[in-house]
Amino acid sequence: MKFIKEARPSSDGGDLAVDLVSDLHADYWDRRYHGVASIVIGPQLHAPAIRPSSGPRRPRILVVAGDTTDSMPASLRYLDEQFRAEYDWILLVDGNHEHMESRPRLFPHAAVEPLVRAWNERRDGARLVYLPLQTFRIGGVAFVGSCLWWDYASGRRSPSHHDDAYSRAVRVRAREDWDDLRRRLETLNTDPTVTTVVVVSHTVPHAEVLNWSSQDSGTHVNAAASAGILRERWRFPKVKFWLSGHSHDTHDQVMGGVRLVANPRGRPLDHNRVWYARRSVLIRE
Ligand SMILES: [Fe+2]
Ligand SMILES: [Fe+2]
């Protein structure tokens, strides 16, 4: 397991505040981030800048839970231009939209490594951590994550409706992502210096979190990760937070002893969150 470790100790007496964003879908709000696979919806908006979070302290870490744009290079450029100067660390997972340009295939995680390395060649501002390839540690807190995808089983149509090349690739990646995450969680379980694990995924960890009557219900056919950790909670007692996206509904609730938080922006055509703010999450060790 590759580790990136923050040199400074955990701040503020054991509590750590992080900002959370997801599903920024920046290419739907600002044509400058339009990728080749982006769907054009009328004149692109120029939404106001994303507001800072309103917590008592300014977080040094930004968690980005996927779907920043329809292209990984465009997503990294967006994070560079919008957030590099404001944070020490940006922790990123891929969303399904970062794979739009390679459909029906999904690009391998390893293909992101040189992009992240190039991003980090600049020495000013935030360092970028791509969580599918690296686990991030600060004090006793570890951040692990990946997209996690889905297996179509949480939707209301039979999984057999999804048998095209893309759907098959998604199922394979869902299993790979989950197997990798589980291995990393098992390692963290046995590490006495880790007290708290924060999982970051693009999809939500359990279908029960979904609001089936919302404006975003079309996404819910595939919104929940295939192997929800909440079913295996007893195996990973250090997991106390799960930050996710994909569903464009927000949530903040405790399930199975894990605090589940989502702070998606979404698109103009679903919740139309023209005014959107980062959400500060206090991670207690
Ligand atoms: Fe999204
Ligand atoms: Fe998504």
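The legends below describe close-up views of a predicted model.

Residues are numbered from 1 along each chain as its sequence is written, and chains are lettered from A and ligands numbered from 1 in the order in which they are written. In this predicted model, local features need pLDDT of at least 70 and side-chain atom pairs count only at pLDDT 80 or more, while totals for chains, interfaces and linings use all residues.

**View 1. The whole chain has four helices and 12 strands.** Helices (H or I, at least four residues) and strands (E, at least two) are DSSP runs, numbered from the N terminus. Of the 285 residues in the chain, 45% are buried; a residue is buried if 20 or more other C-beta atoms lie within 10 Å of its own, exposed if 12 or fewer, and partly exposed in between, with C-beta atoms placed from the backbone. Two residues are in contact if their C-beta atoms, placed from the backbone, lie within 7 Å. Among the contacts with a separation of 6 or more, 77% come from residues 24 or more positions apart.

**View 2. Seven strands form an open sheet with mixed pairing.** The strand order is β1-β6-β7-β8-β9-β11-β10, where two strands pair if DSSP finds at least two bridges between them. β1 (3-5) and β10 (251-255) are the edge strands, each pairing on one side only. Neighbouring strands of this sheet are turned by 20° against each other on average, direction ignored. Axes are lines fitted to C-alpha atoms, for helices over the stretch in contact, and angles run from 0 to 180 degrees between N-to-C directions.

**View 3. Both edges of the seven-stranded sheet are shown with their bridges.** At one edge, β1 runs parallel to β6 and is joined to β6 by three bridges; I4 has F136 in β6 as its bridge partner. At the other edge, β10 and strand β11 (residues 258-262) run antiparallel and share five bridges. Here H251 stands opposite A262 in β11.

**View 4. β6 and β7 form a hairpin with two residues between them.** The two strands run antiparallel and are joined by three bridges, with A142 in β7 as the bridge partner of R137. In the turn, G139 has a positive phi of about 55°.

**View 5. Helix α4 lies across β6, β7, β8 and β9.** α4 runs at about 170° to β7. At 1.5 Å a residue, the 25 residues of α4 (residues 165-189) should span 36 Å, and the end C-alpha atoms are 36 Å apart, which agrees. The expected span of a helix is 1.5 Å times one less than its number of residues. Buried positions of α4 are V170, R173, A174, D177, W178, L181, R184, L185 and L188. An α-helix has 3.6 residues a turn, so residues three or four places apart point the same way. The cover over the buried residues of α4 includes β6 (135-138), β7 (141-146), β8 (196-201) and β9 (239-244).

**View 6. Five strands form a second open sheet, in the order β5-β4-β3-β2-β12.** The pairing is mixed. Its edge strands, β5 (127-130) and β12 (279-284), each pair on one side only. From one strand to the next, the twist averages 30°.

**View 7. Strand β3 pairs with β2 and with β4.** Strand β2 (residues 15-21) is parallel to β3 over four bridges, and L20 has V63 in β3 as its bridge partner. Strand β3 (residues 61-64) is also parallel to strand β4 (residues 89-92), over four bridges. V63 stands opposite L91, and I61 has W89 as its bridge partner in β4. Between β3 and β4 the chain passes through helix α2 (residues 72-83) in a right-handed β-α-β crossover; right-handed here means that, with the strands pointing away from the viewer, the path from the first strand over the helix to the second runs clockwise. In a regular strand the side chains alternate between the two faces of the sheet. Both faces of β3 are covered, with I61 and V63 buried on one side and L62 and V64 on the other.

**View 8. Helix α2 packs through its buried residues against α1 (26-29), β3, β4 and α3 (113-119).** The buried residues are M72, A74, S75, L76, Y78 and L79. The 12 residues of α2 reach 16 Å from first C-alpha to last, close to the 16 Å expected at 1.5 Å a residue.

**View 9. The largest nonpolar core has 65 residues.** A nonpolar core is a set of buried Ala, Val, Leu, Ile, Met, Phe, Trp, Tyr and Cys residues joined through C-beta atoms within 7 Å. V63, I90, L91, L131, V200 and L243 touch the most other members. α4 contributes the largest share of this core, six residues. Leaving aside neighbours within four places in sequence, I90 is in contact with L62, V64, L79, F83, A126, L128 and V129.
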